[in-house]
Amino acid sequence: MKRPPIRRDLALVEGYHSPQLDVEVRLNTNEAPEPPPPAFAEELQRIVPGIDWNRYPDRSASELRSRIAALEGVAADQVLAANGSNEVLQTICLVYGGFGSTVAVFEPTYALHSHIARVTGAAVAEGGRSPDFELDLDEVERVIDQARPEIVFLCSPNNPTGMLDPAPALERVLELAPGLVVVDEAYGQFAPRSALELVDEEHRLVVTRTFSKTWSMAGARLGYAVGPRWMVPELEKVLLPYHLDSFKQAAGIAALGFEQEMRNRVQRLVDERTRLSAAMAELEVRTWPSDANFILFRPESIAGDEVWQGLVDRGVLVRNCSSWRGLTDCLRVTVGTPTENDRFVGALEEVLDRG
Ligand SMILES: *Cc1c(COP(=O)(O)O)cnc(C)c1O
C-alpha cells in the first residue's frame, strides 16, 4: 500500500513532546502544585447533574466570557475563550497567519509559538534575545524590518527564561510591528505588570492567558485571549462550532468564583520562588531572575544533561532545556510545594557535590 502523502510543508515538522517520567517530584511542566480548593470540587458536583447533556453547549460561551471579562476589567466582546491558550494561539495563527505569512519569535522562548505557526502554514522568522535573555530591541527591529511578519509573538514572563518584558520594550515592538503582536501571559498573574493595560481598539495587540498555571486547572484545558473588539469576531471565524463543551464552561465559571484562593496560591508560589532562588544561590549554579513559577538555571561545572539525569535518579524531574537554542546546559525547575522544593534542592546539592 502506498501511504497517502501528508502536506509537503509538514514532512519535516516534528510533533511537540514534553517527556513525562514516573517520578515522585514532578517539577518539569510548570503546573501548579496545589489543586483548586475543595469547595470548587463541591461546586462542580452541584453543577454536573444540571448540565443539559443532550443539548449542544452555549456556542458563544457567553457567561464564561463575561465572567472572564469582569475578572480582567474588559468588555465581554473583547474576550475569546478556547481549549487551552494553545488553541487560542492556533486560532490567532489561522486567522492572521497561515500560508504565505511570516511569524516572528525571539528565541529562546515558548517552543509552541514557532511550532503552531509552522503547523498552520506560516514561515517563522527567528530572532535572538540578549545573552541575559532580554528582548534586544535592535534585533527586534532587524527581524521585523527584514521579515515584515504578520504576527510577532512575545511571551511575558518568558518561558523558559522567566523574565517580564519591560513596558517600554513592548511599546517599541508595537510601534515596529506591521501586523499583530501577541503577548502570551500564561504566567501573567505571577508578575507585577501586564500587557493588558495596553489592549484597546487602537493597538494591534492581543494578550493570551490560561487556566493551566495560576488557576491550577491544567487538566481542564481552558485559555483565553483579550483583544480589541474588532478582533474577536475575526478569530471566531475559524473556531469549530461548540468548541467549548458544557462541562468545561461550567468548570471555568465555577473556578472564577475562587479568585481570592487563586491569588493566595500565586502568592505562596511567589514566596516559595524567593526561597528557592535564595537556596539555589548557595549552590554552584547560575540562576536567572524569574517573574513566573519556574527558575532557569545552569550548573557551573557539570553538563546540564548529567545534572538532569542525576536529579531523575533521585526522583526529581525538571525540564531539560540544554539542547535548546541559546540554552546550552540550562535546566528549568518549576516552583513546587515547600516539600518538593526541598527535595529538589537536596538532590541538586548531592548531584553537584558528586561532580
Ligand atoms: C504553559 C504555557 C501555556 C499554556 O498553554 P495551555 O494550552 O493553556 O495549557 C501557554 N503559553 C506558555 C508560554 C506556557 O508556558
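Helices in this report are DSSP runs of H or I with at least four residues, and strands are runs of E with at least two, both numbered from the N terminus. In this predicted model, the protein chain holds eleven helices and twelve strands. Its radius of gyration is 21 Å, close to the 20 Å that the globule rule gives for 355 residues, so the chain is as compact as a globular protein of that length. Along the principal axes, the C-alpha atoms of the chain fill a box of roughly 60 × 55 × 55 Å. Of the 355 residues, 54% count as buried.

Two residues in helices illustrate the range of solvent exposure.

| Residue | Helix | Relative accessible area |
|---|---|---|
| Val 95 | H3 (residues 84–96) | 27%, partly exposed |
| Asp 353 | H11 (residues 338–354) | 64%, exposed |

The class of each residue follows from the cut-offs: a residue is exposed when its relative accessible area is over 50%, buried when under 20%, and partly exposed in between. Asp 353, at 64%, therefore counts as exposed, whereas the 27% of Val 95 makes that residue partly exposed.

Asp 353 also contributes to a feature of the surface. Together with Glu 284, Glu 300 and Glu 349, Asp 353 forms a patch of negative charge there.

For Val 95, the separation from Leu 44 can be given both along the chain and in space. The two residues are 51 positions apart in sequence, and their C-alpha atoms are 34 Å apart.

Technical notes. Residues numbered from 1 in each chain as written. Predicted model: local features only at pLDDT ≥ 70, side-chain atom pairs only at ≥ 80, totals over all residues. Heavy atoms only, no water. Patch = residues over 30% accessible without salt bridge, like charges linked within 9 Å, V, L, I, M, F, W, Y side chains within 5 Å. Areas by Shrake-Rupley, 256 points an atom, 1.4 Å probe, with all protein chains shown as cover. Salt bridge = Lys/Arg side-chain N within 4 Å of Asp/Glu carboxyl O. Lys, Arg positive; Asp, Glu negative; His and termini not counted. Charge placed at Lys NZ, Arg CZ, Asp CG, Glu CD. Buried < 20%, exposed > 50% of the residue type's maximum accessible area, 1.4 Å probe, protein only. Rg over C-alpha atoms; globule rule 2.2 N^0.38 Å.
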